[in-house]
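Please look over the sequence and the model shown below before reading on. The report is meant to be read beside them.

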Amino acid sequence: MSQFQTRCPSCHGLNRLPTERVNDGATCGRCKEPLLDGKPVEGTMDNLAALLNSDKAVVIDFWAPWCNPCVGFSPVFEDVAAERNGQIRCIKVNTEAEQQIAAQYQIRSIPTIMVFKNGQRVDMINGALPKGQFDQWLNQALLK
């Protein structure tokens, strides 16, 4: 049985999760909050492949802590993750810490937002958007 590690978006505790349970509504061993839904999950080399194999659409925010537009977009992304809890899975990939992922997905500017369905990219946008525009773009991307 393969497994991966992921940080709890609530308490930041490290949790081991069997790959087979990525769609089972896993909770944190420490705080009992949902591990993969309701808040953006930290994407890493260890967990990204498993997270992309979700039965839900996956939305990834590629960002960096030094990027002002990225930091400004973060609350928008968190709001959308909370509002669409159970419908989509939101992941944040820090391109400074996860340079191999940034290279793999050919990230040239940040923030870059990608939408995946069944592990395949269906849409992408560069730049921070206000919440209303981001919701509109995401609605169209999820129809693809």
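The sections below take up the strands, the aromatic residues, the cysteines and the largest pocket of this predicted model.

## The hairpin of strand 1 and strand 2

Strand 1, which covers residues 3-7, pairs with strand 2, residues 14-18, in the antiparallel sense, and five bridges join the two. Within this pairing, glutamine 5 has arginine 16 of strand 2 as its bridge partner, while threonine 6 stands opposite asparagine 15, also in strand 2. The hairpin has six residues between the strands, and in it histidine 12 takes a positive phi near 65°.

In a regular strand the side chains alternate between the two faces of the sheet. Strand 1 shows such an alternation, with Phe4 and Thr6 pointing to one face and buried, whereas Gln3, Gln5 and Arg7 point to the other face and are not buried.

## The five-stranded sheet

Five strands make up an open sheet of mixed pairing, and their order across the sheet is 3-5-4-6-7. Strand 3 and strand 7, the latter spanning residues 120-126, are the edge strands, each of them pairing on one side only.

Strand 4 (residues 57-63) and strand 5 (residues 88-94) run parallel and are joined by seven bridges. One contact that can be followed in the model is that of phenylalanine 62, whose bridge partner in strand 5 is valine 93.

## Aromatic pairs and a cluster

A search of the whole structure gives six aromatic pairs. In one of them, phenylalanine 73 and phenylalanine 77 have ring centres 6.1 Å apart and ring planes at 40°, so this pair counts as tilted. Both residues belong to helix 2, where they are four residues apart, about one turn of the helix. Phenylalanine 73 counts as buried because its relative accessibility is 1%, and phenylalanine 77 is likewise buried, with a relative accessible area of 0%.

Phenylalanine 77 also pairs with phenylalanine 134, the ring centres lying 6.4 Å apart and the planes standing at 55°, so this pair too is tilted. Because phenylalanine 77 lies in helix 2 and phenylalanine 134 in helix 4 (residues 131-143), the pair ties together parts that are 57 residues apart in sequence. Phenylalanine 134 counts as buried, at 0% relative accessibility. Phe73, Phe77 and Phe134, together with Trp137, form one aromatic cluster.

Helix 4 also contains glutamine 136, which is exposed, with a relative accessible area of 54%. From glutamine 136 to cysteine 90 the separation is 46 residues in sequence and 16 Å in space, taken from C-alpha to C-alpha.

## Cysteines without a disulfide

How many disulfides does the structure hold? The number is zero. For cysteine 31, the closest cysteine sulfur is that of cysteine 8, and because the two sulfurs are 3.6 Å apart, they are too far from each other for a bond; the cut-off for a disulfide is a sulfur pair within 2.5 Å.

Two of the cysteines can also be described by their accessibility. Cysteine 31 counts as partly exposed, with a relative accessibility of 26%, whereas cysteine 70 counts as buried, at 0%.

## The largest pocket

The largest pocket encloses about 230 Å³ of space. Its lining consists of Arg7, Cys8, Pro9, His12, Pro40, Val41, Glu42, Trp63, Ser74, Glu78 and Lys92. By residue class, the lining divides into five nonpolar, two polar and four charged residues.

Which elements each supply at least two residues of this lining? They are strand 3 (41-42) and helix 2 (68-83). Several residues named earlier return here, for the lining includes Arg7, Cys8 and His12. Of these, Arg7 is on the face of strand 1 whose side chains are not buried, Cys8 holds the sulfur closest to that of cysteine 31, and His12 is the residue of the hairpin with the positive phi.

Terms used
Residues are numbered from 1 along each chain as its sequence is written. This is a predicted model: local features need pLDDT of at least 70, side-chain atom pairs count only at pLDDT 80 or more; totals for chains, interfaces and linings use all residues. Side-chain values use heavy atoms; hydrogens and water are left out. On a 1 Å grid over the protein atoms alone, a cavity is a set of points where a 1.4 Å probe fits but cannot get out, and a pocket is an open set with protein on both sides within 12 Å along at least five of seven lines; lining residues have an atom within 4 Å of a point. Grid points are joined across faces, edges and corners, and a volume is the space filled by probe spheres set on the points. Ala, Val, Leu, Ile, Met, Phe, Trp, Tyr, Cys and Pro count as nonpolar, Asp, Glu, Lys and Arg as charged, and the others, Gly among them, as polar. Buried means under 20% relative accessible area, exposed over 50%, partly exposed in between (1.4 Å probe, protein chains only). Two strands pair if DSSP finds at least two bridges between them. Rings of Phe, Tyr and Trp (its six-membered ring) pair if their centres lie within 6.5 Å; planes under 30 degrees apart count as stacked, over 60 as edge-to-face and the rest as tilted.
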